[in-house]
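Trainee: I would like a close look at a single part of this model, the sheet together with the helices around it. Please take me through it step by step.

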Amino acid sequence: MDKRLEVTLSDLTLDNPVIPASGTFGFGYEFCEFYDINILGSIATKGTTLNPRFGNPTPRIAECDEGMINSVGLQNPGLEKVVNEEFVKLAKVFNKKVVANISGFSLEEYVECAKVMDKQDIVGIIEVNISCPNVKHGGMSFGTDPNMAYEITKAIKDVTTKPVYIKLSPNVTDIVSIAKACEQGGADGISMINTLLGARFDLKTGKPIIHNIMGGFSGPAIKPVALRMVYQVYEAVNIPIIGIGGIANAKDVIEMMYAGASAIQVGAANCQDPYVCKKIIDDLPKLMDDLHIDNLKDIIGRAHR
């Protein structure tokens with residue numbers, strides 16, 4: 001293991017900064033057939049809600065140039081099954097702590113999910129999705145209003161002992177004000193960004209390709225937006241940032257860390273290539289040598305210096 005790749009998120013030391021993003025890697029164990037998932041820094045598990053969710057009607061995926069649109073709608077088996085079945089399966093093949101992603105449709109649901117996740121041995125960080133653009137009520141409003149972001153962060157921090165990272169939506173006028181509100185509410189870190197909003201239309205019928213018309217746009221095309229937002233938030237807060245958005249190779253990782261990320265998540269690229277996270281981890285040491293980088297920790301926020 002190359003010690004030069006080690007990074008820290010709150011009280012958690014990761015062997016490397018590479019984390020598959022929530023919703024793009026299932027509950028992790030599904031990828032064991034491809035490679036040893038223990039090489040990963042961590043895994044952000046599939047977004048979990050208090051009750052089981054079937055998700056949105058199909059079709060709910062649309063391909064785009066340089067990305068994809070999804071309107072899955074937080075499909076998951078619910079909190080009880082996640083902790084009693086999915087985490088049990090994952091713990092048999094993964095010996096590290098995970099980033100447990102939670103979502104909800106009321107303050108009470110978020111708090112209940114957080115309380116249960118806080119008790120799980122496998123959970124190292126609780127990642128709170130206040131930004132999902134696929135759900136018509138609840139998720140979007142929490143992430144677009146600084147007061148709501150503060151309230152939900154504080155409510156979760158009041159019932160947890162583990163680090164809490166708030167996952168921010170880019171679909172706002174001023175992401176810095178939202179990040180600062182989360183920090184004031186006690187957030188231990190920020191995950192950013194979630195998907196942008198996008199749409200596609202069928203050329204033959206003129207109808208929307210996705211049943212819900214709009215969905216979350218992700219992939220390489222959103223990387224410049226993510227970099228800009230991470231850069232802005234790094235200037236404004238004093239807590240770690242997990243950078244997300246269009247990361248598909250080792251160069252993207254370095255660039256995101258220059259902007260201010262302490263670690264990164266790989267999202268849409270997993271849907272295109274199940275080996276992408278492994279390739280990034282394999283490629284990082286050589287790229288670091290080429291760029292004369294001694295240690296990844298040294299480059300966090302380099303663009304600001």
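Mentor: What follows goes through the sheet, then its edges, then the helices.

The model is predicted. Its open sheet has seven strands, paired in parallel, and their order is E3-E13-E12-E9-E8-E7-E6. At the two edges stand E3 (18-20) and E6 (98-102). Each of these edge strands has a single partner strand, so one side of each is left without a neighbour in the sheet. On average, neighbouring strands of the sheet are turned by 25° against each other, with direction ignored.

Take the edge at E3. Its partner is E13, residues 263-266; the two run parallel and three bridges join them. To find the pairing in the structure, look for Pro20, which stands opposite Val266 of E13. A helix also packs on the sheet here: H9, residues 276-290, touches both E3 and E13. The direction of H9 makes about 175° with that of E3. An angle over 145 degrees counts as roughly antiparallel, so H9 is roughly antiparallel to E3.

Now the edge at E6. Helix H2, residues 107-118, lies across E6 and strand E7 (123-129). H2 runs at about 170° to E7, and by the cut-off of 145 degrees H2 is therefore roughly antiparallel to E7.

Back to H9, which also packs against another helix, H7 (residues 250-259). Their axes are 8 Å apart and the angle between them is about 65°. That angle makes H7 roughly perpendicular to H9, and the crossing is right-handed. On the H7 side, the residues that meet H9 are Ala250, Lys251, Val253 and Ile254. On the H9 side they are Ile280, Asp283, Leu284, Leu287 and Met288. By class, this contact has seven nonpolar residues, two charged ones and no polar ones.

A further helix pair is H5 (residues 175-184) with H6 (residues 223-236). Here the angle is about 45° and the axes are 9 Å apart, which makes H5 oblique to H6. The crossing of H5 and H6 is right-handed. H5 contributes Ile175, Val176, Ala179, Lys180 and Glu183 to the contact, while H6 contributes Met229, Gln232, Val233 and Ala236. Six of the residues in the contact of H5 with H6 are nonpolar, one is polar and two are charged.

To put the two helix pairs side by side: H7 is roughly perpendicular to H9, whereas H5 is oblique to H6.

Terms used
Residues numbered from 1 in each chain as written. Predicted model: local features only at pLDDT ≥ 70, side-chain atom pairs only at ≥ 80, totals over all residues. Heavy atoms only, no water. Pairing = 2+ DSSP bridges. Helix = DSSP H or I, 4+ residues; strand = E, 2+ residues; numbered from the N terminus. Axes fitted to C-alpha atoms, helices over the stretch in contact; angles between N-to-C directions. Contact = heavy atoms within 4.5 Å. Parallel < 35°, antiparallel > 145°, perpendicular 65-115°, else oblique. Left-handed = near helix turned anticlockwise from the far one by under 90°. Nonpolar A, V, L, I, M, F, W, Y, C, P; charged D, E, K, R; others polar.
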